[in-house]
Structures are given as C-alpha cells and as structure tokens.
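Let us take a friendly walk through a protein model. Please look at the sequence and the structure first, and then read on.

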Protein chains: 4
Amino acid sequence: MPTGEARRDWRHTLHTVIFEADTRAGRAFDITLIGLILLSVLAVILESVSGIRVRYGVELQAIEWAFTILFTIEYLLRLISIGRPLLYARSFFGLVDLLAIIPTYLSALIPGTQFLLVIRLLRILRIFRILKLAQYVVEAQSLVLALNATRRKIEVFLFVVVTLVVIIGSLMYVIEGEEHGFTSIPTSIYWAIVTLTTVGYGDISPSTPIGQALASVVMILGYGIIAVPTGLVTAELMRKPIGPISTQACPACSADGHDADAVFCKYCGERL
Amino acid sequence: MPTGEARRDWRHTLHTVIFEADTRAGRAFDITLIGLILLSVLAVILESVSGIRVRYGVELQAIEWAFTILFTIEYLLRLISIGRPLLYARSFFGLVDLLAIIPTYLSALIPGTQFLLVIRLLRILRIFRILKLAQYVVEAQSLVLALNATRRKIEVFLFVVVTLVVIIGSLMYVIEGEEHGFTSIPTSIYWAIVTLTTVGYGDISPSTPIGQALASVVMILGYGIIAVPTGLVTAELMRKPIGPISTQACPACSADGHDADAVFCKYCGERL
Amino acid sequence: MPTGEARRDWRHTLHTVIFEADTRAGRAFDITLIGLILLSVLAVILESVSGIRVRYGVELQAIEWAFTILFTIEYLLRLISIGRPLLYARSFFGLVDLLAIIPTYLSALIPGTQFLLVIRLLRILRIFRILKLAQYVVEAQSLVLALNATRRKIEVFLFVVVTLVVIIGSLMYVIEGEEHGFTSIPTSIYWAIVTLTTVGYGDISPSTPIGQALASVVMILGYGIIAVPTGLVTAELMRKPIGPISTQACPACSADGHDADAVFCKYCGERL
Amino acid sequence: MPTGEARRDWRHTLHTVIFEADTRAGRAFDITLIGLILLSVLAVILESVSGIRVRYGVELQAIEWAFTILFTIEYLLRLISIGRPLLYARSFFGLVDLLAIIPTYLSALIPGTQFLLVIRLLRILRIFRILKLAQYVVEAQSLVLALNATRRKIEVFLFVVVTLVVIIGSLMYVIEGEEHGFTSIPTSIYWAIVTLTTVGYGDISPSTPIGQALASVVMILGYGIIAVPTGLVTAELMRKPIGPISTQACPACSADGHDADAVFCKYCGERL
C-alpha cells in the first residue's frame, strides 16, 4: 500500500512537472523543452541547406537522433504519468508529440532511397510542439473566439470564392488557351487564386487583350472580395471588447447595461 | 375532374421534391443533385488536363453526355412541375439551368473544329448550379445585405478607380513608351490595375527612373485606396451589431429603436 | 435696356443649360457631354494601339480634332455664360476643361517629332471631365469627408512609410549590391515600396540569404502597416453612422447622449 | 558665482534652442536642422547612382564631410547643454544622433576596401533624425497608442504566422524539391512569406500540381490571415472614440472612467 502510494506520488510529481507549468520544476521543464524544440528545428532547417549538409551532415544527423531519442523518452513519460494515456495519445497535442518523433525512425528503417529523403524532411512537423506556447497566452483565445464566431460567414464566403475561382479559371482556359500558359483548368484555377488573392506571381499571366480585360475585372473584383473577411473579423473583434457590459440588472430600478466593474447602479445609485 | 386533380397532385408532389428542400424527398433530391453537379464539374476539369484527356477522353465524354441528358430531364421536369414555366425559364436560376446543358449539345451539332473545343469548355458554367446551395445558407443573406447597402458607395469608388487607372495608364504609356512593354494605352491600363490592386504580376514593369517614381506613387496610393472598400464593408457589417438597440416598442406610441438603457420613450415621453 | 436684359437672359439660360443639371435642357446637355467625352477618350485609347493606328490613324485624328473643336466651343461658352470667368478658369474644373483641349493644338503647332507623339497622348487627361459626374453623386461626399478627417493621421502614416522605405532601400542596396539588381538607392527604394505595398513585381528580388531574410521582415512588417490606413478609414467611416448623438442636454435632468431624433429625455421623460 | 550663473544661463539658452521648439530660436534651429538632414540624405542617395557618382563623386563626398562635421558639432553641443549627458547619449535619439555621424569617420579611417564602400552607404541611417518631426505631431501618439494596445495580440498573431510559414515552407521543400527552385527550407520559408503576405515576386513559384494546390490553400489562408491585424488595429482605433466616457471624477471617491450618461458613481454610489 505505501509502495502503491509512493508510486502514485511519483507519477503525480512527474505529471505536475511534465503537464503543468504552475510549479517551479514544471516551468523549468517547459522552458527547457521549448529551447530543445527550437534547437532541433534549427538542426533540421540547417540540414536542408546543401552547403551545410555537405560539411556537417554527419553531425546534424547525430544531433537529430539525440533529439529524437530525448523526445521519445519524454513522450513515453507523458504516457506513463497521465491518468488516461489513450485519451492523451488521441488528443491533438498527443498526435503532434508522436508525429514529432516518427520521421527520424522511418528514415532509419527504409535506407538510402530518394523518396525517403523527402519523408525525412517532414520531421520539421515537430515544430507544432512549439504551439504549446499558445496555451499560455491568454490573448490567443480572444482571437480564436472571434474567428470561430465568424466561421459560418467565412465558410459561405469561401464557398463563393471557390465557385468564382473555378468559373474564372475555366473562362481563362477557354480565352487564353494552352499556348499562353493556361495548360489546363486546374492550372487556370491556380492562376485565378493567385490573381484574386492579389499574390500575382506572374509565372502565368494573360497575354491576349480579352484575357487581360477579364483579368482586370477579376483583380478589381478581388479588391471588393478581400474586404469581406477583413470586415467580418473586425466586426467580430469589436463586438465584445467594446463594452464589457454585465448582464446584471439593478435590484432597485432594474436598469441594465452596467459595466462589469460597476458596484452601484449608475441610474439610481442602488447597490448592485 | 378527379384525373385533373390527380394530375395536379402529381405536379404538386414533383414541385415539392424538385423545388423545395423541406420534405425528406426534396432534401434527398437536392443532396443527390449537388453530388451529381460536383461530379460532372470534376469530369469537365479532368478532361481539360491533356494527360488525362489522351487516356480517358472517350470515357469522360460519355460521362459528360450522361450528365447532360440527366440534367436535361431535370430541366424539363422543372418546367412541367412549376406553375409559371416562363417565369422560371427567365429567372436567374432558370437561365443557369439552361446554360448548364446547352454547351454539350452545341459541341455535338458542329463537329470537329478547333473553335468548338473552346466552346465545349464553357460547359463548366453549369457549376453555377451549385450556387443553389447558397439559398439554404442563412448567413449568406447578411453578407449580401451588407454589400447591397454599400453598393452606391462602392459604385462611386469603382468610378474613381476606373478614372484613376485610365489616367495613370496613359501617363505610363507616355513615360515608358512602347519599347519598355507599355505597348498601348489598354495594356498600360491593364498594368495600372495590376499595380493598384497590389497583384503585381511583373509581366510589365517600369524600367525608367520617372516610370518607377510614378509607379511608387501609384502603389502608395493603392495602399490608401484598398482601405476604402474594406472600411465600407466593415462599417456596414458593424452598423447593426453595434447599436445595443432594444426590440422594445413604446406602449403608447409603438415607436421602436430605443436604446437598451432607455427608461422613457424618446418620442412621446411615455415610460417604457 | 431690354436688349441688355435679353442678353442677360440669354447668358442666364446658357448658364443654366451648361452649368446646372436641374432643368431638362441642362440634364440633356450633361448626358450628351458625358457621352461625347467617353467617345473622345475611346478614340485616344484606340489610337494608341499600333494595329488600329496603322489602319484608322487618319480617321481617328479627324475625330480627335472634331471633339477638340467641340470642347473648345463649349469651353468658350462656359467662359461667356458665367458671371466671373476668371474664377471659373482658375477653378479645378476650369483648369481640367482647358487641359482637355490644349494637347491637340500643341500637337498641331509643333509638327513631326517623336517627342510630340508622346505629348499628344496626354490628351487622355480630358477624361478628368468625367469627374463632373461625381458632383451629382451625393455618396462621394461622405467618402471624401471621411478621408479628409483622417488626413492628418494619414500624413503621419505616410511620413513613417517614406522614412521606412528609404532606410530599408538603403540597407538592401548595401546587402544585395549592384550585381543583384539593386543598382542604386533610388532603385532599392522602388523595390522597398513594391515589397511593402505587397505589389511584388519580381523585376528586382533579393537573391542573397541575408537579403531574403531582411525582405521577409519587410513583408511581415507590411502586413501590419497595411492595417493602419484601413483601420483609420474604417474608424472614420463608422464614427458618424454609429451614433447620431445630439449635444443637447435635458433641461430637467441635464442628461446628455440623446439621439439626434429624441424629443423627450430618455432618463427622466422631460421634453427636450 | 555670477560667472557660474552666466555659464548656467548660456547652457540653459543653448538647451532651449537645441532641445525645445517652443521659442522662436528653437523653432528656427529645428527647421534648419530638418532642411540640412534632408539635403544630406539626398546627397547620400545621389552618390549611390553610378552615373552621378562618376561625375560628381568628389563634390558629393565634400558635401558629405561638411554635413558630418556640422552634425558632429551639433551632437557635442547637445552633450554640453543637457543636464545629464549620459542619459541623452543612451536614449533612442541620442544613439540615432551618434549613428548619423559615425559612418563617415569609419570610411575615412579604414581606406580603400570593398567592404568599406558597403559601410559608407549605412550613413543613410542619419535619416532617422527626421523622425524628430514625429515628436511634434500629436496625431502620431494616438496611432502609437493604438498599436501598443494591440501589441500582445499582434505578438500572438506573429507567432502563429511564423509557425505556419516554417511548416508550409518545409512541406513545399519536400513537395517541390531543389530542382524547382525550392533549394532549401530557409528559401522555402522565404517563398511562404512572399506568398502569405500576398507580395508574390514570382522568383520562386510552384510548378508541380501538388505544389500549386498547396500554394492555393496557402493563398486563401493568407486572405483570412491578413484580416486579423487589420481587424485588431481597427478595433483598437475605434475603442476610444466609441466609448463616450466622461472625464468627470467622482467627488466622493475620485474614481473616473464613468460613462457619459452616468448619474451616480458606479463605484461608491455618490451622485456625480
């Protein structure tokens, strides 16, 4: 029984350190982890630069393996210390934690192919772990709330944009044709998105007068269209912050619309 | 008489299924239709990719014809089941339904020409039918209302933009000239639109110092100009939500539009 | 005396027709004028297209001269019919009216030079006359008012943007150097404006890692910077529509913040 | 003692002239300084244009030295006249004043190297001094305040953007590969920033179908993302003007921040 309790205590302490940031040890653990993650991401990015890969390829691969083993131990400790390991493993951050260690092992099992080299680079996904930072930032929530509230309007907007882009792309394919770079409808849709979002690479651009005229209409259309998501997000961000008005009504005069920090009714002076 | 009534009933049932989405059969019909439309659009898009057209061209044309015949039957049923067929045929969705079947027949009547291949692609316009989805989305209406309310302001704005673009285009044609890619005023106007909307393909770009200086002014101008439609749409989207106007009507004069904190009617002085 | 009065009447009638749009004749005159201006602008634009100029150059020049003579007569009639001709001649629209006829005469006086051909194109400036349309659109005023109200803030903003652009341009000139297309500080400033306004032609783009890193910072900076004029214009457009709040205080309870259409105090019910 | 007092007076007068713009002499000094700074910046910019450097290089270098000596004297006078010279030297404008004179001396001490030529151009940093103008513009403060208030939200936003850009860049490196211009993850991250900010140079652009599909998603994502900083700044700029908060302090508890329509203090219930 005391052994069981001690074990429970050990797991509890581990849980506090790994999953919570309130204690000193937990905070130190999280800050160390963020540092290690940033370093490991930096190693992956540096390895992708051919000049660095040629000179320090072996060292960077060693660092990569060291980080992967460290993060694997951390992942196992998380599974052990938590009450419901399966729930954690299936959660967003559980999956991200797993995805952050898999690519290295995959690159070891299947050796020496060109395709593998491509998969190896997917290890950069471990940067998702840094997103844990966002958990501690309260401000992030108000942004997410505002974006969530406008989700349905944005979905309708996206539907209209996708429809527009398919029609515009098809029209341009017909007008400009395969000889002017609009090789297929998917490519023309890609051009339409590049234009409507005002990115404008210029890898594909209309060269016939009719094509340039239609492109001009699309660009001016994009002007108005870009205003819609901005308007939606702005309107949503302003809705709540404007008045931190409580729903409390005055017990004497039943007036409402009081500020959240009001102690007395601003109309009749009664204590709220 | 009973036959006539039965026939009316048959037409009524058909109408409910085809035109309305409230009943179970109507809903099933609409969802099936959306699926078929998406599939037919996909077939047209795939046909435009030369690699796929070479291998599956015959199959895709067969699918295309199957969909066209299906949509033609659907179009005829709509004409039969509705009370006023002409009114439907002339309406926006009636025209879209017709435009969604015409291109296939057109490609059959006039065989084997290069020009026809271009017309055949216009069949993608049948995707307009998907717009029927928007009818079911309530959120779309508030967006349309907001854009409608700012229509006159946006028209004034578009007029100013068009004027600016014609003048800037002509100036650049004079400054840069035909040897630097500004081959005509229409082409220069196209460049001005590409620049003012911040798309910036780079297919035409100023190379003389004076041209680059004018382009810089145009770009900074575009900065301010892009703010106008965004401001208009945002202001319109916010107009209603901001006013914490109560829905309460005055018991004496039945005036509404009172502030949430109003105690007395602001028109007749009656206690609310 | 009656002759003088008749003459005054003649001038008065002319003034009403030319300068005002309230009467039937005045309205007809204005609509005709707008049509003629659009046609003359179209002729100038068409003349700039080399293919059309070769075939219809003589006819277009004849049309151009016909329009110029017509607009010259109109300009003289405006000078005669108005009370203070000098005030009109010096006003914005007076100058625009003059600039709309000068280029044709200039092209006639100095014959056959390449430079002249360039000046001849400046005739497009006569499109400024279409701006008269804006006088009739009431909505334009609210836009102009909103932009005017934010003028000082926008000036501060433009000053910061110009400063940023000069510093960023100079830094990029030092980092990338003349061999990577950043041939001088003015050219680099042009690049900085192209980047900060998110136009991004791609005619000049960084190729060194440090240059690309600085460019990335500039682009993300441009993200935030583009938000400022949008925010300013939106805030201004919303200011008035939000609350048409009168400055009137209640004579009984001296409460203020009443709506502009309030007849009674919303707090005490007293007649305002 | 009178000598000391006279000396103090001399320093005080100097301080008023140099540091303050309230007196006539101070204003004249500031306006002269701004003119000189603009001229010196112009000289540096002109020197960077190779055509001008070849012809007027010697004259421009002489002007540069003249300005540098003048600004050095001014910097020394500032150090002498101010009460706490060290505090000034460490302040933002103190450092800017110093940075505005150092590059010229550096270019003299270490002669004739290619690297020096690069440092010489950094002298343009003296344009920072023009920022002093902003001190006098009251409007600038409200902009700075609004941007400061949203700083934390913008930091969260920037963190999300950086994370997104690293992941998208890595994915594109894997998908497109080094043979399509995505030579390394840093280069791909640069591409992701160019795309997400809608700059779109086109120096690097996806050429595989999967790459173009991912780029399309990134661009549409950029649509929504660009709305966030705009929304934040707009919401902040509107916050104050909207809140009709009175400047009235409670006579009992001296609390302020009451609504314009408050009759009683919302904290202590005292009649306002």
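In chain A, 45% of the 272 residues are buried, where buried means under 20% relative accessible area, exposed over 50% and partly exposed in between (1.4 Å probe, protein chains only). This is a predicted model, in which local features need pLDDT of at least 70 and side-chain atom pairs count only at pLDDT 80 or more, while totals for chains, interfaces and linings use all residues. Residues are numbered from 1 along each chain as its sequence is written, chains are lettered from A and ligands numbered from 1 in the order in which they are written, and side-chain values use heavy atoms, with hydrogens and water left out.

**The build of chain A**

Chain A has 12 helices and 0 strands. Helices (H or I, at least four residues) and strands (E, at least two) are DSSP runs, numbered from the N terminus. Among contacts in chain A between residues at least 6 apart in sequence, 50% join residues at least 24 apart; contact means heavy atoms within 4.5 Å.

**Where two chains meet**

How do helix α11 of chain A and helix α2 of chain B cross, and which residues touch? The axes of α11(A) (residues 185-196) and α2(B) (residues 24-48) come within 7 Å and cross at roughly 100°. Axes are lines fitted to C-alpha atoms, for helices over the stretch in contact, and angles run from 0 to 180 degrees between N-to-C directions. The helices α11(A) and α2(B) are therefore roughly perpendicular to each other; angles under 35 degrees count as roughly parallel, over 145 as roughly antiparallel, 65 to 115 as roughly perpendicular and the rest as oblique. On one side, Ile185(A), Pro186(A) and Ile189(A) make the contact, and on the other Val44(B), Ile45(B) and Ser48(B). By class, these residues are 5 nonpolar, 1 polar and no charged. Here Ala, Val, Leu, Ile, Met, Phe, Trp, Tyr, Cys and Pro count as nonpolar, Asp, Glu, Lys and Arg as charged, and the others, Gly among them, as polar.

**Some buried threonines**

| Residue | Place | Relative accessibility |
|---|---|---|
| Thr195(D) | helix α11 of chain D | 0% |
| Thr198(B) | loop between α11 and α12 of chain B | 4% |
| Thr198(C) | loop between α11 and α12 of chain C | 5% |
| Thr230(A) | helix α12 of chain A | 5% |

Most residues other than glycine have a negative phi. Yet phi of Thr198(B) is positive, near 60°, and Thr198(C) has a positive phi of about 60°. Leaving aside neighbours within four places in sequence, Thr195(D) is in contact with Val199(A), Tyr201(A), Val218(D) and Met219(D). With residues up to four places away again not counted, Thr230(A) touches Thr230(B), Thr234(B), Ala227(D) and Thr230(D).

**Empty space inside**

The structure holds 8 cavities of 30 Å³ or more, and about 160 Å³ of space lies in the largest cavity. On a 1 Å grid over the protein atoms alone, a cavity is a set of points where a 1.4 Å probe fits but cannot get out, and lining residues have an atom within 4 Å of a point. Grid points are joined across faces, edges and corners, and a volume is the space filled by probe spheres set on the points.

Of the 13 lining residues of the largest cavity, Ile226(A), Thr230(A), Ile226(B), Ile226(C) and Ile226(D) are closest to its centre. Helix α12 (209-242) of chain A, of chain B, of chain C and of chain D each supply at least two residues of this lining, and α12(A) gives the most, with 3 residues. The lining has 5 nonpolar, 8 polar and no charged residues.

Notes:
On a 1 Å grid over the protein atoms alone, a cavity is a set of points where a 1.4 Å probe fits but cannot get out, and a pocket is an open set with protein on both sides within 12 Å along at least five of seven lines; lining residues have an atom within 4 Å of a point.
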